[in-house]
Amino acid sequence: MGLGSPDLGGEVSRRFEIFDGKAFLNDAESPHLLRFLPRARFDAFLLDAAAKAGCRVERGEFRGLSEGAAVVDGRVVRFKCLVGADGVFSAVARAIGESLPQKSLAVGLQADVPRAGRVSDLHAARIFFGYLELGWGWAFPKGDTICIGLGGIPGTREDVSAVFRRLLADCEVANAGTLPIRGAKLPNEEYLREPASGNVFLCGDAAGFAEPLTGEGIHAALLSGILAAESILGGTGAEERYNEACRKQVTPIFGQARLARSLLFREPFRTLALRRFKRGKGAMRRFLGVLAGESDYKRFFLDSLLGR
Ligand SMILES: Cc1cc2nc3c(=O)[nH]c(=O)nc-3n(C[C@H](O)[C@H](O)[C@H](O)COP(=O)(O)OP(=O)(O)OC[C@H]3O[C@@H](n4cnc5c(N)ncnc54)[C@H](O)[C@@H]3O)c2cc1C
């Protein structure tokens with residue numbers, strides 16, 4: 001089963017829309033498919049693929065290291081290499097003395113809601129500006145449901161839950177004031193420059209690998225997982241190989257994204273950017289190019305300034 005298979009559920013679209021509050025600004029067609037997956041189905045697919053590739057899959061909670069072995073629940077598990085892909089509060093990272101500072105983390109809230117109101121016929125990625133001063137909202141179609149969310153970057157002083165409920169109400173979601181919402185932290189300001197230390201390799205959120213402007217972390221998590229596996233399979237020098245590969249392939253965009261973020265979320269740049277998005281589809285297409293990894297923020301701003 002490939003990623004293009006409908007068995008993973010969710011929805012596929014090319015349409016990308018930008019709103020300023022309730023006001024539609026513009027839309028564009030992405031040259032690449034945008035895929036919106038239910039996360040549990042995607043995780044199950046990855047686990048199943050690992051088992052089919054010959055991995056022995058066991059479940060348990062990593063509790064720490066003891067004399068060079070991993071403590072998983074009550075068991076001691078010896079390893080040649082340990083890959084920590086256990087999220088933003090990684091216990092594996094803590095066990096080797098690494099952790100991301102709390103203040104560097106962004107916050108994300110989301111809720112899966114039935115199709116109704118202003119999102120009843122949504123089949124596009126819809127991005128909302130104009131709710132948080134330092135953040136943005138989204139509505140993604142996932143078949144029968146719509147995933148609505150709001151992300152605030154570090155430094156956000158607003159009441160993110162209250163603003164999120166306003167976004168839900170503006171989308172005409174039933175019970176917007178009382179609906180159960182899920183919240184989580186995600187890496188933003190900081191990432192590990194050396195995500196491998198000895199025979200321990202940190203991947204994804206555990207290493208702080210999420211794009212600081214969009215909050216996208218799935219791509220970096222998958223890519224760093226692949227790089228860790230390739231580095232380990234390459235034999236001697238795996239630690240240096242992985243650190244170097246992450247520097248070259250995972251994190252180069254992060255510095256630019258942080259700069260782009262501080263421009264997009266601050267006046268007068270925010271107003272200028274929203275005007276640019278409204279004026280034509282060029283800025284939208286350029287942004288989709290950055291999302292697809294075909295361009296970068298430097299080029300995006302340069303072309304936008306030159307009015308291309
Ligand atoms: C609200 C919100 C919305 C987001 N939306 C998007 C999006 O649309 N697109 C995108 O690209 N990114 C999105 N992100 C970011 C994305 O979710 C993360 O970057 C991505 O999930 C990182 O993957 P990961 O495997 O590194 O970590 P996680 O997805 O956090 O997975 C870590 C896994 O490790 C397990 N674990 C934790 N501790 C232990 C332990 N001690 N022992 C054993 N297992 C453990 C956890 O149960 C979990 O299964 C979003 C984040 C948030 C908060």
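1. One term first: a polar contact here is a pair of N or O atoms within 3.5 Å. With that in hand, look at Ile218, where a backbone N or O atom lies 3.0 Å from an oxygen atom of the ligand. Keep in mind throughout that this is a predicted model.

2. Staying with the ligand, two further pairs are worth finding on screen. An oxygen atom of the ligand sits 2.7 Å from an N or O atom in the side chain of Asp205. At Phe62, the partner is a polar backbone atom, 2.8 Å from a nitrogen atom of the ligand. As for cover, the ligand taken alone exposes 1000 Å², and the protein buries 65% of that.

3. Now the wider shell. There are 21 residues around the ligand, and those that come nearest are Arg39, Phe62, Asp205, Gly217 and Ile218. Sorted by class, the shell has nine nonpolar, seven polar and five charged residues. Strand 7 (105-114), strand 9 (135-142), strand 11 (182-187) and helix 4 (218-233) each give at least two residues to it.

4. How is the chain divided up? The domain assignment gives domain 1 (8-38 + 103-187), domain 2 (58-100 + 190-255) and domain 3 (267-305). Domain 1 and domain 2 each put at least three residues into the shell around the ligand. Between domain 2 and domain 3, the C-alpha centres are 32 Å apart. There is still some touching: five residues of domain 2 are in contact with four residues of domain 3.

5. Next, have a look at Pro268, in the loop between helix 6 (252-264) and helix 7. The peptide bond leading into Pro268 from Glu267 is cis, with omega near 5°.

6. Helix 8 (residues 282-291) is mostly covered, with seven of its ten residues buried. Those seven are Ala283, Met284, Arg286, Phe287, Leu288, Gly289 and Val290. What do the buried residues of helix 8 pack against? Their partners are strand 1 (11-20), strand 2 (23-36), helix 7 (269-279) and helix 9 (297-305). After helix 8 comes Gly293, with a positive phi near 80°.

7. Is Arg63 buried or exposed? It belongs to strand 3 (residues 62-66), and Arg63 counts as exposed because its relative accessibility is 52%, when the cut-off for exposed is over 50%. Setting aside neighbours within four places in sequence, Arg63 is in contact with Val71 and Asp73. For a sense of scale, Arg63 and Leu132 are 69 residues apart in sequence and 37 Å apart in space, C-alpha to C-alpha.

8. Asp73, one of those two contacts of Arg63, deserves its own check. Its place is in the loop between strand 4 and strand 5 (75-77). Asp73 is not a glycine, yet its phi is positive, about 50°. With a relative accessibility of 30%, Asp73 counts as partly exposed.

9. Glu67 is another residue to inspect for its backbone: it has a positive phi of about 50° although it is not a glycine. You'll find Glu67 in the loop between strand 3 and strand 4 (69-72). Glu67 is exposed, at 78% relative accessible area.

Terms used:
Residues numbered from 1 in each chain as written. Predicted model: local features only at pLDDT ≥ 70, side-chain atom pairs only at ≥ 80, totals over all residues. Heavy atoms only, no water. Buried < 20%, exposed > 50% of the residue type's maximum accessible area, 1.4 Å probe, protein only. Helix = DSSP H or I, 4+ residues; strand = E, 2+ residues; numbered from the N terminus. Contact = heavy atoms within 4.5 Å. Near = heavy atom within 4 Å. Polar contact = N/O pair within 3.5 Å; in protein donor to acceptor, adjacent residues only side chain to side chain. Areas by Shrake-Rupley, 256 points an atom, 1.4 Å probe, with all protein chains shown as cover. Nonpolar A, V, L, I, M, F, W, Y, C, P; charged D, E, K, R; others polar. Domains from an automatic or database assignment.
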